[in-house]
Amino acid sequence: MLNPGFVTRPDAILPLIASFDIQQDAVIRRLMALRKIPLKILRNQQAQAAGDFGLHSFTLLKSSASELCYGLRGQFWRADFGLENVPDASAYQAPVSPGSAKLLLRYRVTELAPGQHELCTETFIYCPDRSTRLKMAAYWLAIRAGSGWIRRRTLDAVKSTLQDME
């Protein structure tokens, strides 16, 4: 949430999310480097497939003045993320095959009071079968703390940029 009494243009918030480059943050870069270790070990080389993972890897599903929704499909627990090619919202909405999962990432800006806005993030994951749910659950347990840290640092970066703009 943006500081109480902090006045900003809400229309500036979501564009900052959309343009945020996770590589600009040293902590996020290190966390993503940790995530790439299994791929480096398996391939015994630089983890190029997962090396440039970021919001640009997602498919934009919805964009409005108050909400951004991004989709991703794949086998996220695999060393290379097992990402599927999802060129548009229609491809994202197609049924997912057993063994793969769908992820929806939503950013929403709401007005709490005049001049006070909240940026919320939510992640939804759909797994079509038990085996996929078990793999995703194990993966989520492994990455949950790091994922939360990345999200917090992203929100803090947006907040800092907004404060610098005022």
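**Exercise 1. The pair E84 and R73**

Classify E84, with its relative accessibility of 29%, as buried, partly exposed or exposed, then do the same for R73 and decide what joins the two side chains in this predicted model.

*Solution.*
Step 1. Buried requires under 20% relative accessible area and exposed requires over 50%. E84 stands at 29%, so this residue is partly exposed.
Step 2. R73 has a relative accessible area of 6%, so R73 is buried.
Step 3. The closest N and O atoms of E84 and R73 are 3.0 Å apart. The cut-off for a salt bridge is 4 Å, so the pair qualifies.
Step 4. E84 sits in the loop between β2 and α4 (89–93), while R73 belongs to strand β2. Eleven residues separate them, and the pair links distant parts of the chain.

**Exercise 2. The pair R108 and E67**

Determine which elements the salt bridge between R108 and E67 connects, and state whether each residue is buried or partly exposed.

*Solution.*
Step 1. The closest N and O atoms of R108 and E67 lie 3.8 Å apart, and the two form a salt bridge.
Step 2. R108 is in strand β3 (residues 101–113) and E67 in strand β2 (residues 67–74), 41 residues apart; this pair also links distant parts of the chain.
Step 3. R108 has a relative accessible area of 29% and is partly exposed, whereas E67, at 9%, is buried.

**Exercise 3. R78, D80 and the wider set**

Find the N to O distance between R78 and D80, then list the residues joined into one salt-bridge network and give the count of salt bridges.

*Solution.*
Step 1. The R78 and D80 side chains meet in a salt bridge at 2.9 Å, N to O.
Step 2. Relative accessible area is 36% for R78, which is partly exposed, and 21% for D80, which is partly exposed as well.
Step 3. Through shared partners, salt bridges combine K62, E67, R106, R108 and E122 into one network.
Step 4. The count of salt bridges comes to eight.

**Exercise 4. Cysteines**

How many disulfides does a search of the whole structure find, and are C69 and C120 buried or partly exposed?

*Solution.*
Step 1. The search returns zero disulfides. A disulfide would need two cysteine sulfur atoms within 2.5 Å.
Step 2. C69 has a relative accessible area of 8% and is buried. C120 has 30% and is partly exposed.

**Exercise 5. G115 and P10**

Locate G115 among the elements, classify its accessibility, and compare its separation from P10 in sequence and in space.

*Solution.*
Step 1. G115 falls in the loop between β3 and β4 (116–126).
Step 2. The relative accessibility of G115 is 18%, under the 20% limit, so this loop residue counts as buried.
Step 3. P10 and G115 are 105 residues apart in sequence, yet their C-alpha atoms are 8.4 Å apart.

**Exercise 6. The protein chain overall**

Give the order of helices and strands in the protein chain, the share of buried residues, the share of contacts that join residues at least 24 apart, and the exposed area.

*Solution.*
Step 1. The protein chain holds five helices and four strands. From the N terminus, their order is α-α-α-β-β-α-β-β-α.
Step 2. Of the 166 residues in the protein chain, 40% are buried.
Step 3. Taking contacts between residues at least 6 apart in sequence, 62% join residues at least 24 apart.
Step 4. The protein chain exposes about 9,500 Å², of which 54% comes from carbon and sulfur atoms.

Methods
Residues numbered from 1 in each chain as written. Predicted model: local features only at pLDDT ≥ 70, side-chain atom pairs only at ≥ 80, totals over all residues. Heavy atoms only, no water. Helix = DSSP H or I, 4+ residues; strand = E, 2+ residues; numbered from the N terminus. Buried < 20%, exposed > 50% of the residue type's maximum accessible area, 1.4 Å probe, protein only. Contact = heavy atoms within 4.5 Å. Areas by Shrake-Rupley, 256 points an atom, 1.4 Å probe, with all protein chains shown as cover.
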